[in-house]
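Thanks for coming. I will go through one structure today, starting with a pair of rings and working outward from there.

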Amino acid sequence: QVQLVESGGGLVQAGGSLRLSCAASGRTFSNYGMGWFRQAPGKGREFVASITWTGADTYYADSGKGRFTISRDNAKNTVYLQMNSLKTEDTDVYYCEARFRTRSSYDYWGQGTQVTVST
């Protein structure tokens, strides 16, 4: 089992920045690809960004390209999502998820952290 705990969400004005963190425990963190997703009430989960288990590759949804940066620190068992130039449409609950190496689906997810962007 992998336990994931997100933090760093909050209320920010449009144009501002937030850095989300996701701390992992339970298994060898460096074996897991990590992803960030977001979900609004009544809507499906939307991909935001991911980083491979090696850290060599990162992927972003078009909505976040140029504004969001995903990174990982294996020494701290933590994945980050730096979000800049936030827009009101970025308001959502953000979840981190983990998948073992190159598995196609994510196996573990956290409880989420709320991000609210105001005008």
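**Rings, strands and one disulfide**

Phe37 and Tyr106 are both buried. Keep in mind throughout that this is a predicted model.

Let me stay with aromatic residues for a moment. The count of aromatic pairs comes to four. One of them is Tyr32 with Tyr108: the ring centres are 6.3 Å apart and the planes are at 65 degrees, so this pair is edge-to-face. An angle over 60 degrees is what counts as edge-to-face here. In sequence these two residues are 76 residues apart, with Tyr32 in strand β4, residues 32–39, and Tyr108 in strand β10, residues 108–109. Is Tyr32 buried or exposed? Its relative accessibility is 6%, so Tyr32 counts as buried. Tyr108 has a relative accessible area of 18% and is buried too.

Back to the pair I opened with. The rings of Phe37 and Tyr106 have centres 5.3 Å apart and planes at 80 degrees, so this pair is also edge-to-face. Phe37 belongs to strand β4, whereas Tyr106 sits in the loop between β9 and β10, so the contact ties together parts that are 69 residues apart in sequence.

There is also a cluster of rings, and its members are Tyr32, Phe100 and Tyr108.

Two arginines lie over rings. Arg45 is over the face of Tyr95, at 3.9 Å from the ring centre. Arg72 is over the face of Phe29, and there the distance to the ring centre is 4.4 Å.

Next, strand β9. How many of the nine residues of β9 are buried? Seven are, so the strand is largely enclosed by the rest of the structure.

What does β9 pair with? With β4 the strand runs antiparallel, and eight bridges join the two. As an example, Met34 has Ala98 in β9 as its bridge partner. With β10 the pairing is again antiparallel, over two bridges. Ala98 appears here as well, and its bridge partner in β10 is Tyr108. With β11 the sense is antiparallel and there are three bridges. Two residues to look at are Asp92, whose partner in β11 is Val115, and Val93, whose partner in β11 is Gln114.

That brings us to β11 itself, residues 113–118. In general, side chains in a regular strand alternate between the two faces of the sheet. In β11, Thr113, Val115 and Val117 point to one face and are buried. Gln114, Thr116 and Ser118 point to the other face and are not buried. Strand β11 also pairs with β2, residues 10–13, in the parallel sense over four bridges. Within that pairing, Gln13 stands opposite Ser118.

Last, the cysteines. How many disulfides does the count come to? The count is one. The disulfide is formed by Cys22 and Cys96, with sulfur atoms 1.8 Å apart. Cys22 is in strand β3, residues 18–25, and Cys96 is in β9, residues 92–100, so to place them in the chain, they are 74 residues apart and link distant parts of it. Both cysteines, Cys22 and Cys96, are buried.

To go back over the main stops: β9 pairs with β4, with β10 and with β11, and Cys96 in β9 is bonded to Cys22. That is the end of the tour.

Notes:
Residues are numbered from 1 along each chain as its sequence is written. This is a predicted model: local features need pLDDT of at least 70, side-chain atom pairs count only at pLDDT 80 or more; totals for chains, interfaces and linings use all residues. Side-chain values use heavy atoms; hydrogens and water are left out. A disulfide is a pair of cysteine sulfur atoms within 2.5 Å. Buried means under 20% relative accessible area, exposed over 50%, partly exposed in between (1.4 Å probe, protein chains only). Two strands pair if DSSP finds at least two bridges between them. Rings of Phe, Tyr and Trp (its six-membered ring) pair if their centres lie within 6.5 Å; planes under 30 degrees apart count as stacked, over 60 as edge-to-face and the rest as tilted. A charge sits over a ring if NZ of Lys or CZ of Arg is within 6 Å of the ring centre and within 35 degrees of the ring normal.
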